[in-house]
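Student: I would like a close look at a single part of this structure. Please take one helix and walk me through its surroundings.

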Amino acid sequence: MISIAACSVITIHYGRQEHLNNLIRGVERNSIHPKELIIINMDAKLNLDYNGPLTINLNNIISDKANLLPIANARNLGAELAETNHLLFLDVDCIPEHNYIKNLNNQLDTYKGLIMATPRYLNEQVTQVETIDLIEKSMLHPRRPFHAKVTHTDHYELFWSLCFAMTKQDFKALQGFDEEYKGYGAEDTDFAFKAKAAGMKFFLSPAIAFHQQHSFVRPPLDKIEGIVNNANYFNKKWNIWPMEKALKAFDEAGFVAFDTSTNTYSIAQLPDNNTIEKYRVSNEPFA
């Protein structure tokens, strides 16, 4: 019988039913189970009929704005609902490695602060995640360092919110994610900057989360509204521009304009669906 750890796995969902199913299977196959798997769902189309061994706490924040999802709000709600002090956040397109929960849960007892796990990117879409070797089908991100043991770092810009852990107490101390951010981008960098400003230590863990392959748009024109709004807010708050590569690409393509008098970006024109699909990429592990 699999033991139950005093921790909560938290994920948020929109439009990724099969990825969510794989995440659940991945949690099921872990060497220990969390006390609860909290799913904050933003998608009215989700159909989750679960009768497995996990305790699933499903809550809804339904949104009809796919390009401006309340991502920060959803993560905060997940943390608020957690019945344990150990919070393990995992994006819906990730699958935890066999000892992921055990490793991160134990590390939270030893390392006080913000812990990010190691993402490995799957080279192909997968099913039957219970039986296949995901290590052989995945790769590390070439722009991220790998550490064989938990390592303290001052490079808070390395924080990505797809797989991380911290105590509920520390999450509350940072007041969670800033809910002024809507849609994709910068809310996780903002969170890391808050941790740095608060003097909270940041660690990189070798615990592995496998990122499931899915199509994406390069540059992310499908997320342009959230990126522009969030970038302006982030710059006003921290006096530095996030997501500069995307903003530059939008600018060069004529979709955004920069106002030097207000030091802000605005949308010059929204791309239509045909334009967005022209830039869609399939069968690549990461953007």
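Tutor: Here is a walk around helix H5, with its neighbours and a few nearby loops.

First, some ground rules. This is a predicted model, in which local features need pLDDT of at least 70 and side-chain atom pairs count only at pLDDT 80 or more, while totals for chains, interfaces and linings use all residues. Residues are numbered from 1 along each chain as its sequence is written, and side-chain values use heavy atoms, with hydrogens and water left out.

Start with the helix itself. H5 covers residues 187-197. Helices are DSSP runs of H or I with at least four residues, strands are runs of E with at least two, and both are numbered from the N terminus. Buried residues in H5 are Glu-187, Asp-188, Asp-190, Phe-191, Ala-192, Lys-194 and Ala-195. Buried means under 20% relative accessible area, exposed means over 50%, and partly exposed lies in between (1.4 Å probe, protein chains only). An α-helix has 3.6 residues a turn, so residues three or four places apart point the same way.

What do the buried residues of H5 pack against? Their partners are helix H2 (71-81), strand S6 (114-122), strand S9 (163-167), helix H4 (168-173) and helix H6 (224-238). Contact here means heavy atoms within 4.5 Å.

Take H6 next. The axes of H5 and H6 come within 11 Å and cross at roughly 15°. That makes H5 roughly parallel to H6. Axes are lines fitted to C-alpha atoms, for helices over the stretch in contact, and angles run from 0 to 180 degrees between N-to-C directions. Under 35 degrees counts as roughly parallel, over 145 as roughly antiparallel, 65 to 115 as roughly perpendicular, and the rest as oblique. From H5, Thr-189, Asp-190, Phe-193 and Lys-194 make the contact; from H6, Phe-234, Lys-237 and Trp-238 do. These residues divide into three nonpolar, one polar and three charged. Ala, Val, Leu, Ile, Met, Phe, Trp, Tyr, Cys and Pro count as nonpolar; Asp, Glu, Lys and Arg as charged; the others, Gly among them, as polar.

Lys-237 has another partner. It meets Asp-178 in a salt bridge (2.7 Å, N to O). Lys-237 lies in H6 and Asp-178 in the loop between H4 and H5, so the pair ties together parts that are 59 residues apart in sequence. A salt bridge is a side-chain nitrogen of Lys or Arg within 4 Å of a carboxyl oxygen of Asp or Glu. Lys-237 is partly exposed, at 33% relative accessibility, whereas Asp-178 is buried, at 12%.

Now go back to Glu-187. Together with Arg-75 and Asp-91, Glu-187 is linked in a network of salt bridges. In the Arg-75 and Asp-91 bridge, the closest N and O atoms are 3.4 Å apart. Arg-75 lies in H2 and Asp-91 in the loop between strand S4 (86-90) and strand S5 (94-96), so this pair ties together parts 16 residues apart in sequence. Arg-75 and Asp-91 are both buried.

Finally, look at the backbone around H5. Most residues other than glycine have a negative phi, and most peptide bonds are trans. Gln-175, in the loop between H4 and H5, has a positive phi of about 60° although it is not a glycine. Gln-175 is exposed, at 69% relative accessibility. Just after H5, Gly-199 takes a positive phi of about 80°. In the loop between strand S11 (216-217) and H6 lies Pro-219. A cis peptide bond joins Arg-218 to Pro-219, with omega about -5°.
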